[in-house]
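Q: Please take me through this model, and then look closely at a single part of it. I am new to this, so explain the terms as you go.

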Amino acid sequence: MVQLTINGKQIEVPEGTTVLRAAAQAGITIPTLCDHKELTPYGGCRLCIVEVQGFRVPIASCTLPATQGMVVSTETEALKKSRKFVLSMLFSERNHFCPFCQVSGGDCELQNAAYHEEMTHWPMQPGWNNYPVDSTHPYFVLDNNRCILCRRCVRACGELAGNFTLSVAERGAASIIIADTNVPLGESTCIKCGTCVQVCPTGALIDRTSAYQGNEAQITPVKSVCVGCSVGCSVNLLVRDNRLVRIEGDWTGPVNHGLLCEHGRYDPMTESRQRITSPLVRKNGQLEPVSWDEALGAVADKLKPLAGDAHTGVAAIASTRLPVETLSMFKELFAGEFKAHIVTSTEEGMTTAAVFAVAERMGAFEGKLDVLRTADLTLCLGADIVNSHMVAGFLIKRALPKGMRLVSINPQAGVLEDLADLALVNQPGSDLSLVEGLKAIIVKEGLGRTPLALPNAARLIEEAVRATGIPLEKLTQAARMLAGAISPVILFGKGITAQRSEHLIESLHSLAILVGAVERERAGLISMKGEANSTAAALLGLDAPFVLNGQQAVFAAIGDDYVSGRLVKRLVKAPYLVVQAAYQSKLTEQADVVLPVSTWAEQEGHYINLDGRVQKAEKVLTGPEAVRDSTAVLGEIAMRMNMPVRADWQQAIRERKPSMALN
Amino acid sequence: MTQIAEKRGLSDIVQTAVEKHGATPDAFIPILLEINRENGYIPAEAIRLARKFLHQPEEHVLVSEGQLYGLASFYHMLNTGVVGRHVVQFCESAPCHVQGARDLWKSVQSTLNLKAGETDPQGRFTLKTVSCLGLCGVGPVMVVDEDVYGNVTPDQLPEIFAKYE
Amino acid sequence: MKFHRSMVLVSMDADSLRKDAGAVYERFQQELSAFGLNDEIALSQIVEVGRHDILPMVIVYPEACAYGPVSSDDARRIVEEHLYKGRVVEDLLAPVKELSGRIGWLKSRKGAAPMEKRIVTRRAGRIDPENIEEYISEEGYQALAKALGTPAPQVMEELEKSGLQGRGGAGFPTGRKWRFVAGTKSPKKYVVCNADESEPGTFKDRVIIEGDPHSIIEAMAIAGYCVGADEGYIYVRGEYQLAQRRLERAIEQARAFGLLGKNIMDSGFNFNIHVHSGAGAYVCGEETALLESIEGKRGEPRARPPYPTTHGLWGKPTLVNNVETLANVPPIILNGAGWYRTFGTSSSTGTKAYTLLGNINFRGLIEVPMGITLREVIGIYGQGMKGGATFKLAQTGGSSGSIIPASLQDTPMDFESFRKAGVSLGSGALLVCDESTCVVDLAVALMKFFKFESCGKCTPCRVGTERALRILTGISQGKGKQADLDTLIALAAEMEFASNCGLGQTAAVPIRDTLKHFRAEVEAHILLGVCPSGVCEMSAELQTA
């Protein structure tokens, strides 16, 4: 800890704290524009300069580490005058005429700073330089005319998303924000995560979907969780008049730390699927709108006689994007009361079955994504992580410039090739040989961190080379990199888990122990799950393959999920199909009864992400009048059939051993 | 046909530059300088190639196109746009300015019929202004390609430019 | 133009006039006529020399003898003895008293013409820079040998005692900087030579490198030994192709001779040097921008603290020294601090290399002891104003340097005196301008440079240079308003106050100085629509009141 004095106030802060943060802790506000708490301090805007005893010139407080005995002043006449002048310089630099700007009136930090400094006019004529507005991007607009060159966007693009698309070109007054080699943003390597928009203090980067729909003062932000994939990013949903205006990453989010990907931020904003607004029942071959009473009656009439008929009765399938409340009720109803043989999820345990089966014997062995923060090497097996779990991909990408090594081995060519220090392609189905081979090389070279007896190492290596098609030299390189790392992490994806091989998972686990990825408290072995509630579905045992074999009816709880063509095809032959969904799809088209339900934002629910965090999504919108909560619909069906359901999801998910600690 | 030959040439230039200076961050600027020297300017394609060649597992060098372009456009000796066959660099710093460059600059612009930063339609000359070249002892100074001209007077200009086709 | 063999300056400021300096001046006029010396000896007046105790004061050049206090009767003796017979009148000499250090130089040069003293440029042009053997035969690498046989703290102590100050412009004591770096605990440190000489009008470093590249290599090796670094970078500005080639060749030869590399001279000391080319950015002369540039980034100066001495290249403790500074090191190590202190003044020791430019008869590089005055430099080394024109102003230290009006010509050029006079010594460029130079036109040229070279990181510099240029251009075209001057003054003040690095902090110095010393001339552009020097094309229509 160091003690310093700011404006006569004694403050104690941990070593390494900047003066700006120290002041904030003591309740002293120092205005700033280029600083952002998630970004490396830059010291460019010069609004936060302070006077420090013993220094000839004032110093930017955002970059200045507090030191013992430092005496700082933030409100001298000279500083106040300077702040105002620097602000007026910014206002005169480019076009900052508020009336036409989408962020003015609350969201603009430049405007807010001017109010704070009691600026009443601009003492200098504006520059009148015009910059072209780049509107080639599907989600946002880059307007250099509004830019104050704080570089928050550039830093966010590199430091947070690890993408490094945005950059500053030219220099001095001609400086300009560009993408790649000065190409239009829409044609660039931008991965559309929108982090740059979220950090922009002015209207230089604005969101197309939310532009001119209201600013902070008119919008209620609600903390919730994204259901785009199993990473489980915390979001702030900005809602106005029962309409979603914008989705922002929650900087306090335990998994994503403020980041979101294209899907999380923009998919819900650009939803184009047709909403189902009334229950439908097939009459004379046509789906016709009916009352809830009629629809539920039809379902109950059809299903009731099938209850207890395990094999030829009902088959039930639920989306892993549904909240755990719905999934739990679904399981209780169909596996419990109906005693149906086939009760599973749309993922059919592809990403979880083998992992949970192993956990059944070994206990929890998977780690938390947090390990990536300290990892010096990540091995990705059968996982195209930057595309399948984008935000987890950001956590890897942004660690690369800081020295983390990345090794990817995947049967598909090109996966992570651009980023990985070593990207290898193995023959499909050769993963077990691959993992055994890596272990054998490490053991043979005596590089293991823990003892492992492998008498047949030579044969295993030979087998690995033969089966994977990877030359020995490259395998050895991968093995050495892995063994040489101090805190390695192994991530594996669907390419591994879909094989449903417990043996393969166990082999991976022993590799993780051998190289110290799993060691004492540290668990650096994680499987990348599927959709938002993949883990919950697995905990509820909804992870069996879905194979229709003489069942007389199928109940598909889709919620607001997308429906795969494969599922549609498999259900074509269902004699009777009940679909509970929010949106029209090929599946609802072929249903006999369609029950319209809420989307994720219209109902409260819990989600368990891939590393075991139980998180709550809030109800922020009210759905169309005839639409009902997906859990409630199941409850009503149960009621109509006199089937008692307890609906205690917290108890239900404890019936199976998790593969990771839940929290 | 010629275009393919040119493309290959660029790839060779970039690869040679990376091999010569090494795939390390402190080689970025030397590599760009070399590409600029060999190719006259640094097209976007060269930046893409440089990024590719720089990405070597042993070195763990990660650099994006944006970062390289940011460099290329920051440093004045690096050109990100096409330049003419000959580049005229005119020193517009104060020492040359008071030693006669004020009038000479007007003559240069009118003789070449170009303004600063422009290239003539025939692609013969690109006119650039530069900051002090450290040759103020013989100012005003003008550099055409690699040839330095000191104590230049307006009447010498036609003769000087005639040497470059 | 007419050459005078001597020049007599009589102090004629208010203080002196009160003490009858007018009579002294008149007496000099009479006596010079009486002895028939009017054609050989120039008589002139000076003001404010900082020695209030000896007024009226008379200085005789080229000997630079200061007499004072001088009475009318003394004038006759000085003319007869000194100017006619060539003998310094010892008993009339002003007592040597270093009140402000301003005229301390008199002590070392009493009665003798100020000499060019070459230390850093002593070999340039005399030896073959591509042949290490010629360097070695001229005491080359002897200082390194001596240093390697001496404990490092002792070497640094000698350097500190010598009083050597950084020649990059700031004048920080070199020995102290070395000790800072030596005192850091890090297994890896760097020595970086700043050869990004980009200050307009400065080319001393180029001359040193092109003429004597080994002196830099030797100095860097000594520095590496002292601070505990095993790797060095020489950052040479991109335009200096020949300098780069010479350095690369010199490094190759030094390596072949075992003067670089492993276990140098069997001392167990290892040292290697890379030559790193700049690519055209003035701001990279700022040491932290230079480090960024080596690291393959845009040359944007870092925030400080932390300083390079603790967090430098790749985050490691780094010693950054200018070429001229380093070139001073081997002779100091070899000849001792005492020898070095015999040059210059007690507060600014040694010599300083200057580049003389502008409207003077001789343009080029000189190396003279610290403390020489501008008038001496122009009169003696510059061989006077070109075409006999009148001195109007000089700019010291390149574009960001101070504008010195005629009234400050007699301030000794050393760190302390300049600091007191509010003038920066800077990089050693001396741009001398005569009456044909318009201060507004010059300010436009300077600001154009800064606008072009600002890196754009911080607001005051990025916007300030652009705004200032716009306003100055307007004034030069006759579109200026009186209020523009207030804006310029405010801009200059904030740029100096709030900018991140030296570029922004000093970019407005020329504006500030121009408005301080030549405000009337600037106002003539605005109020009368006239460029008194006839330089600016006042294109705009005059506004009638």
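A: Of the 663 residues of chain A, 56% count as buried, that is, with 20 or more other C-beta atoms, placed from the backbone, within 10 Å of their own. This is a predicted model, in which local features need pLDDT of at least 70 and side-chain atom pairs pLDDT 80 or more, while totals for chains, interfaces and linings use all residues. Residues are numbered from 1 along each chain as its sequence is written, chains are lettered from A, and ligands are numbered from 1, both in the order in which they are written. The C-alpha trace of chain A spans about 85 × 70 × 50 Å along its principal axes.

Now for the close look, at a sheet in chain C. Five of its strands (DSSP runs of E, at least two residues, numbered from the N terminus) make an open, mixed sheet in the order 11-10-14-12-13. Strands pair here if DSSP finds at least two bridges between them. Strand 11 (364-369) and strand 13 (403-405) of chain C have a single partner strand each, so one side of each has no neighbour in the sheet. On average, neighbouring strands are turned by 30° against each other, direction ignored, with axes fitted to C-alpha atoms.

At one edge, strand 12 (391-396) and strand 13 of chain C run antiparallel, joined by three bridges. C:Ala394 has C:Ile404 in strand 13 as its bridge partner.

Helix 14 (374-381, a DSSP run of H or I, at least four residues) of chain C lies across strands 10, 11, 12, 13 and 14 of chain C. Helix 14 runs at about 65° to strand 10 of chain C, on a scale from 0 to 180 degrees between N-to-C directions.

How values were computed. A residue is buried if 20 or more other C-beta atoms lie within 10 Å of its own, exposed if 12 or fewer, and partly exposed in between; C-beta atoms are placed from the backbone. Two residues are in contact if their C-beta atoms, placed from the backbone, lie within 7 Å.
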